[in-house]
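Please load the model in your viewer and keep the selection box handy. We will hop from one stop to the next, and at each one I will say what to select and what is there.

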Protein chains: 4
Amino acid sequence: MTDDGAEMRFLDDVTVELVKHSASDTDVLWAARVSTAGEQSLEEVGTDPERSKGLINFLMRDRHGSPFEHNSMTFFVSAPIFVFREFHRHRVGWSYNEESGRYRELRPDFYVPGTERKLVQQGRPGKYVFVEGSPEQHKVVTEVMEASYRQSYAAYQEMLEAGIAREVARAVLPVGLFSSMYATCNARSLMHFLSLRTKSEQARVPSFPQREIEMVAEKMEAAWARLMPLTHAAFVASGRVAP
Amino acid sequence: MTDDGAEMRFLDDVTVELVKHSASDTDVLWAARVSTAGEQSLEEVGTDPERSKGLINFLMRDRHGSPFEHNSMTFFVSAPIFVFREFHRHRVGWSYNEESGRYRELRPDFYVPGTERKLVQQGRPGKYVFVEGSPEQHKVVTEVMEASYRQSYAAYQEMLEAGIAREVARAVLPVGLFSSMYATCNARSLMHFLSLRTKSEQARVPSFPQREIEMVAEKMEAAWARLMPLTHAAFVASGRVAP
Amino acid sequence: MTDDGAEMRFLDDVTVELVKHSASDTDVLWAARVSTAGEQSLEEVGTDPERSKGLINFLMRDRHGSPFEHNSMTFFVSAPIFVFREFHRHRVGWSYNEESGRYRELRPDFYVPGTERKLVQQGRPGKYVFVEGSPEQHKVVTEVMEASYRQSYAAYQEMLEAGIAREVARAVLPVGLFSSMYATCNARSLMHFLSLRTKSEQARVPSFPQREIEMVAEKMEAAWARLMPLTHAAFVASGRVAP
Amino acid sequence: MTDDGAEMRFLDDVTVELVKHSASDTDVLWAARVSTAGEQSLEEVGTDPERSKGLINFLMRDRHGSPFEHNSMTFFVSAPIFVFREFHRHRVGWSYNEESGRYRELRPDFYVPGTERKLVQQGRPGKYVFVEGSPEQHKVVTEVMEASYRQSYAAYQEMLEAGIAREVARAVLPVGLFSSMYATCNARSLMHFLSLRTKSEQARVPSFPQREIEMVAEKMEAAWARLMPLTHAAFVASGRVAP
C-alpha cells in the first residue's frame, strides 16, 4: 500500500480493448471499386464472396493502399511507458490521447515480466535471438524490479507530499510504469504497425519487436481479424507487409 | 447524346453524401478525459450536458486538437475536377479513392455555373471580391462552356474510337468535368478543411475559397454539424479555426 | 498565337529541376547510428565505405525507414495537370506549391504524346500492356488533341475577354494543360513515390504507372541517385520497395 | 561511479544543436510566388526587402501554410525521456531517430531541476500557474531525485550483470533519464511545435508547456530565428500561431 492508499500492482500483461469501430471488408471493396465504376450502392458490392476475396488479395499484393484507409478503429490500451514510447513513433494514420502525469497523480501499476518472457538476448542488433532465462534470472528480475519500483514510487510520493508539482516529481518514475491511452487507426496504418511490431514466420521482411509491444500488437490483430477477416487473411497471405 | 449513348449533362451543383460515420460529441469527451482520469466507462462521460459543452469549448479555444481525431466520417463527393484538385491538397487526416480516367471511360457530366454564381472578380490576390455578372456575361459563360465541353468530349470519343488508350485520350477533357470519390476524414481534419474552404463573417482568419469547393464544404459541414453539434458549435464560436 | 500574344505550344516532354537539396548518404548513416551510439561527430560516420554500404543495405532490406527521412530535396516540376492529379495523391512527406489558375491567366502549353509514346492499351485493369500505336493513330492523336486544345484555349480567352473571372473561365481548360509546382520530399517519401510511379523489371511488386508521371519520376530518380548513390543502389537492390 | 565506470551525472539543462539545414526566408518567397508567377529565377525573388517582408507577413496572417514547408532543419537534442514523450506526439512534418535502450546500455545522465525551476503548481488543469519552491523544497527534490536515480540505475546494472537483456532491465530506469535523438522538421511543423511548447505573452492562444520541453523549444526557436528572421518575426507578430 502506498501512503494514499493506492495498492501497488505488479502486472505481467497488457490490456487492449476495441472501444469502437467502423470497419469491415466491405469498406475496402466499395472504396476500390469507385476507381473503375463510380459510385455503387453498398448492396451491390461484395455479394460475390469469391470476387470480393480476389479483389482484396489483388489490392494487398500490388500495394494499392488507399482502399484500406476508409475505416476506423479505436482501442483502449494500457501498457508500460516503454511500450508507448515505441508505439508513438507511428505517426501516419494514428491518433493518440494518453493519460497525463502533469494532470493527475499516476497509479502504482508496474510491469514485471511473466515466467514465459525470455530474458536473455543473444546475437547482435538486427539479429537478436531471445532465449529462456534461468530460474535464478527470473528471480533476480522479479526481486530487483519490484524493489526498484517500490523505491521509485516512494520517492514520487515523498515529493508530492512536500508540495512538489506532479510534472516534476514524476521524473523518478520508471518506464516500467503503466500508462493508458486511446489510439485510433485504420486498417492500413494498423497493418504497418503490425508488420513492424509482430514477429512471424509468415513475414516476408523479418522484424524483431520487443515482446511487450508485440503483446499489444497481437491483441489488436486479433480484434481486427474479427472485423475484417478477408483483409486480415490477405495481409497474412502477402507476407505481412502493409500495402 | 454522345456516340455511345451517354447523355451530355450540364450541372450547376455538386453532390455530397455521408456514406458512413463513427462520430459523436461523446467521442471527444472520453478522449479528452483519459488525460486526467484514465479510462472511464462511456456511460459516465457526457451525462452533464453543460460540463460537456464547457469541456469541448475549452479544448477548441486552447487548441487541444487530438481529442477531435477519434472519430471517422466517409463522404461520397461528386464535383468538377478543378474542385478535386484543390481538395486533394489536404493531406493530413484525409483518405481518398477517386474514379480513374485510366480504368474507365469518363461520363460526359460537366459543370456550368448557375445563375447565382458571381462571375466577376475584383481586387487583387488575397483581397478578391466577387460581384454579380450581367445577364450577358452569364449567357457567354453558358454558351461558351457548353460548346467547348461538347467539342472536347467529341475529341475524346474520336480518339477512343480510333483505339487510343483512355489515359491518353483523356488529356483533352476539361477540368470542368465531374469526377467522384470517397473521402474519409475526422473532425479535426474536416475543421481544417472548412476553415480554408468556407467563407464566413464569423471567421477570425479570412479565407477566399473558390465558390465551387465551398459548395462541397458547406454540404459536408451540414452533415457533420448533425453528428457532432457541440463540436460544431464550438468551432463556430472559436472563429472557425481548427484546433 | 493567342489574342494576348502568348504562343501556343505543344510539348511532348516534362521538366524536372532539382532546385535545392540537403541530402547525402551520410545523413542516413548518422541518423541510423544514433540508435546504437548516441551522437557521433559527422566525421566519424561513413569513413569506411564498405561498412556504410552494408548499413544502408541492411536498413533498406529490413525496412528501417526513419533514417531515410533526415534529408530534403526540392524539385521544380512542369507537367500536364493529369500528372499533377496523380502526383498530389502522395500525401506523406511531400510539400507542394503549384501555380494557380485563380490568380493568374494560364499559359497555352499543352501536352501531345511524342512518337515513342505507346498509345494502345491491352489487357484489363492491373494487367495493362501498352503497345505501339500505328502511324495513323499517332496522326489522329496529334491532330485531334491540338485542335481540341486550340478550341478550349480560345473559349478560355473568350470568357476572359468578356470579363469572366479566371477561376470560372478555366473550367474549359483540359487536363493536358501544363502546370508547374515546387515539390519538396525526403528520400523515404521519394522512394515510395518511385516504387509506385516507375515500372521496372527489378521491382518486386509490379506497378503500372501512366507513362507521363513515370517520365517525371525517372528524372527525379536520376537527380536523387547522384545525391545519394548508396541509398539509391540499395533501393534498386531491394526490389524498389520503399522502406 | 557505476560498476562499469560510467560516471553518474545530474544535469539541469538540455542540449540542442542545429546539425544541418536548408532553410532561408527566400525559400518561402519563391514557393509562394509560384502560384502567381510560375517559375522565377531565385535571383528575382526577394530583392526588395520590404515586399519580401510584406509577403511573408501576409502568408502568415492569412494562414497560407504550404510555402513554409520547402525547407529543412535537423537538430540533435539531448533531454530527459519525459520531454521526448511529449515531443514525439508531434507527428506531422517531423522525423525522428532516437538512441535505443534495446541496442545499447544507457548512460547514467539524469535530470535534476535547477534552482530557477519553479516547483510548485497552483490552480487547475488548463489554468496552472507555477510558483517558486522554497529552499527546503528544492533540497527535497534534489536529494530525493538523486537518491532515487542512483538506486534505479544500480538496479539496472544489477540486472545487466545477471545477464538480463537490456530491453528488459531498462524497465526500472526513470523518465528523468537523458536520451538523445535527431529530429528533422520544416518551418511550418516547427512553428506548430513552438506554438504549443512555449509560453509567451505575445501568444494569441495560451499554452502551458512543461518547462523542460519549453527549454528545448526555446533553443530551437533561437536557431531557427537566425536562419529565417523574417519568417520568425512574422510568426511572433501574428500571435505565435502556426499558419
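Start by selecting Cys185(C) in this predicted model. Is Cys185(C) buried or exposed? Its relative accessible area is 3%, so Cys185(C) is buried (buried means under 20% relative accessible area, exposed over 50%, partly exposed in between, with a 1.4 Å probe and protein chains only). Now show the sulfur atoms: the closest cysteine sulfur to that of Cys185(C) belongs to Cys185(D), and because the two are 17 Å apart, they are too far from each other for a bond. A disulfide is a covalent bond between the sulfur atoms of two cysteines; here the search counts a pair of cysteine sulfur atoms within 2.5 Å. Over all chains of the whole structure, that search finds zero disulfides. Jump to Cys185(A) and you will find it in no disulfide either, with the nearest cysteine sulfur, that of Cys185(B), 17 Å away. Cys185(A) is buried too, at a relative accessible area of 3%.

A word on conventions before the next stop. Residues are numbered from 1 along each chain as its sequence is written, while chains are lettered from A and ligands numbered from 1 in the order in which they are written. Because the model is predicted, local features need pLDDT of at least 70 and side-chain atom pairs count only at pLDDT 80 or more, whereas totals for chains, interfaces and linings use all residues; side-chain values use heavy atoms, with hydrogens and water left out.

**The sheet in chain C**

Select strand S8 (residues 178-185) of chain C (helices, H or I of at least four residues, and strands, E of at least two, are DSSP runs numbered from the N terminus). S8 belongs to an open sheet of four strands in chain C, with the order S2-S3-S8-S4 and antiparallel pairing; two strands pair if DSSP finds at least two bridges between them. Strands of a sheet pair through backbone hydrogen bonds, either parallel or antiparallel. Colour S2 (15-22) and S4 (94-98) of chain C to see the edge strands, each of which pairs on one side only. From one strand to the next, the twist averages 20°.

How many bridges join S4(C) to S8(C)? There are five, and the two strands run antiparallel. To look at one residue pair, pick Glu98(C), whose bridge partner in S8(C) is Met181(C). Then add helix H6(C), which packs on the sheet and touches S3 (72-80), S4 and S8 of chain C (contact means heavy atoms within 4.5 Å). The direction of H6(C) makes about 75° with that of S4(C); axes are lines fitted to C-alpha atoms, for helices over the stretch in contact, and angles run from 0 to 180 degrees between N-to-C directions.

**A loop residue that meets chain B**

Follow H6 (187-197) of chain C into the loop that leads to H7 (211-227), where Gln210(C) is found. Gln210(C) is buried, with a relative accessible area of 1%. Its contacts include Arg102(B), Glu167(B) and Arg170(B), along with Phe82(C), Glu86(C) and Arg117(C).

**Annotated residues in chain A**

Next, select Arg197(A), which UniProt lists for "active site" in an unreviewed entry; such annotations may be inferred rather than shown by experiment, feature names are shortened, and positions are given in the numbering used here. Arg197(A) lies in helix H6 (residues 187-197) of chain A and counts as buried at 15% relative accessibility. Among the residues it touches are Glu86(A), Pro209(A) and Glu214(A). Where does its side chain make a polar contact? Look at the side chain of His90(A), at 3.0 Å (a polar contact is a pair of N or O atoms within 3.5 Å; within protein, one must be able to donate a hydrogen and the other to accept it, and residues adjacent in sequence count only if both atoms are side-chain atoms).

The UniProt "binding site" annotation, also from an unreviewed entry, covers residues including Phe87(A), Arg89(A) and Arg197(A). The annotated residues are spread over 112 residues of sequence and up to 28.8 Å between C-alpha atoms. Phe87(A) is in helix H3 (residues 81-87) of chain A and is buried at 0% relative accessibility; its contacts include Trp94(A), Phe193(A) and Met220(A). Arg89(A), in the loop between H3 and S4 (94-98) of chain A, is partly exposed at 24%. Show chain D as well, since Arg89(A) touches His88(D), Tyr96(D), Asn97(D) and Glu98(D).

Terms used:
Lists of a residue's contacts leave out its neighbours within four places in sequence.
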